[in-house]
Amino acid sequence: MDRASYRGPDPALVQCMKTSVNTLPIKILVSGPFGAGKTTFIRTLSQTEVVDTEALCTDGSIKPTTTVALDFGTIQTEEALIHLYGTPGQERFVYMWEVLCEGACGLILLVSGKHPGQFSQARKIHDFILSRLPLPFVVGVTHQDLPRVWRPPEVAGYFQLEEDQVLGLDARVAPSSWALLQRLLEKLCKS
Ligand SMILES: Nc1nc2c(ncn2[C@@H]2O[C@H](COP(=O)(O)OP(=O)(O)OP(=O)(O)O)[C@@H](O)[C@H]2O)c(=O)[nH]1
Ligand SMILES: [Mg+2]
């Protein structure tokens with residue numbers, strides 16, 4: 001077809017592309033150390049029943065269960081379908097981090113402001129994932145509802161990140177969790 005006779009794209013094709021854009025999921029990885037709040041974050045935001053793989057902690061740990069494979073939740077916004085994949089926090093499940101990275105568009109790295117001793121583990125997870133896939137990412141500092149916890153600017157300093165890449169949240173609360181996801185989506189749009 002020559003330029004002169006071109007009358008614009010086939011309306012059926014345009015409709016099909018719009019549908020694809022709205023239905024192709026954006027895969028977001030939610031990772032971070034043990035107990036950072038990954039499963040909680042996904043349960044708070046998911047609009048569908050969360051698929052989780054919790055198993056009892058048998059070592060007298062600080063919490064009764066831990067994720068052993070993944071968490072999976074979904075969010076449908078006007079613009080996009082978002083798939084949230086949560087990783088296990090414990091290093092013995094490291095093989096799942098690799099599996100879950102596949103096809104991810106962005107990373108939410110959660111750290112608990114209550115447990116600065118886990119920041120080095122968070123850095124390991126960050127390096128593990130980003131050395132395989134240079135994903136846009138944000139850091140969420142959970143447990144901001146508690147007193148005497150590390151605050152986002154301090155965590156940004158620790159990880160040597162810009163302050164706007166690190167947000168505080170209570171992962172049990174939807175608006176606070178949504179603000180973090182929104183920050184990542186803004187980054188994805190710019191990348
Ligand atoms: N107060 C408070 N509690 C939180 C917050 N985020 C998570 N929790 C609690 O912390 C505990 C651990 O949360 P999980 O969501 O299981 O943590 P996880 O990162 O999935 O843990 P693993 O899968 O074992 O690595 C749960 O009891 C949550 O209710 C938060 O921001 N504030
Ligand atoms: Mg979990």
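The exercises below work through the fold, one helix, two strand pairings, three loop residues and a ligand shell in a predicted model.

Residues are numbered from 1 along each chain as its sequence is written, and chains are lettered from A and ligands numbered from 1 in the order in which they are written. Because the model is predicted, local features need pLDDT of at least 70 and side-chain atom pairs count only at pLDDT 80 or more, while totals for chains, interfaces and linings use all residues.

**Exercise 1. The fold**

Task: State how many helices and strands the protein has, and their order.

Solution. Step 1: take helices (H or I, at least four residues) and strands (E, at least two) as DSSP runs, numbered from the N terminus. Step 2: the count is six helices and eight strands. Step 3: along the sequence they follow the pattern α-β-α-β-β-β-β-α-β-α-β-α-β-α. Step 4: two residues are in contact if their C-beta atoms, placed from the backbone, lie within 7 Å. Among contacts between residues at least 6 apart in sequence, 67% join residues at least 24 apart.

**Exercise 2. Burial of α2**

Task: Determine which residues of α2 are buried and what covers them.

Solution. Step 1: a residue is buried if 20 or more other C-beta atoms lie within 10 Å of its own, exposed if 12 or fewer, and partly exposed in between, with C-beta atoms placed from the backbone. Step 2: by this rule 32% of the 191 residues of the protein count as buried. Step 3: in α2 the buried residues are K38, T39, F41, I42, T44 and L45. Step 4: six of the eight residues of α2 are buried, so the helix is largely enclosed by the rest of the structure. Step 5: the cover over these residues includes β1 (25-31), β3, β4 (71-76), β5 (81-86), β6 (106-112) and α6 (174-190).

**Exercise 3. The partners of β5**

Task: Give the direction in which β1 runs relative to β5, and likewise for β4 and β5.

Solution. Step 1: two strands pair if DSSP finds at least two bridges between them. Step 2: β1 and β5 run parallel and are joined by six bridges; P25 has L81 in β5 as its bridge partner. Step 3: β4 and β5 run antiparallel, also with six bridges, and F72 stands opposite Y85 in β5. Step 4: four residues lie between β4 and β5, which form a hairpin.

**Exercise 4. Three loop residues**

Task: Classify H143, Q160 and E91 as buried, partly exposed or exposed.

Solution. Step 1: H143 sits in the loop between β7 (137-142) and α5 (152-159). H143 is not a glycine, yet its phi is positive, about 65°. H143 has 20 other C-beta atoms within 10 Å, so it is buried. Step 2: Q160 lies in the loop between α5 and β8 (166-168), with a positive phi near 55°. Q160 has 6 other C-beta atoms within 10 Å and is therefore exposed. Step 3: E91 belongs to the loop between β5 and α3 (94-101). Its 13 C-beta neighbours inside 10 Å make E91 partly exposed. E91 and F34 are 57 residues apart in sequence, with their C-alpha atoms 8.7 Å apart.

**Exercise 5. The shell around ligand 1**

Task: Identify the element that gives the most to the shell around ligand 1.

Solution. Step 1: a residue is near a molecule if its C-beta atom, placed from the backbone, lies within 6 Å of it. Step 2: of the 20 residues around ligand 1, G37, T40, T66, T67 and G89 come nearest. Step 3: α2 (38-45) and β3 (65-67) each supply at least two residues. Step 4: α2 gives the most, with three residues.
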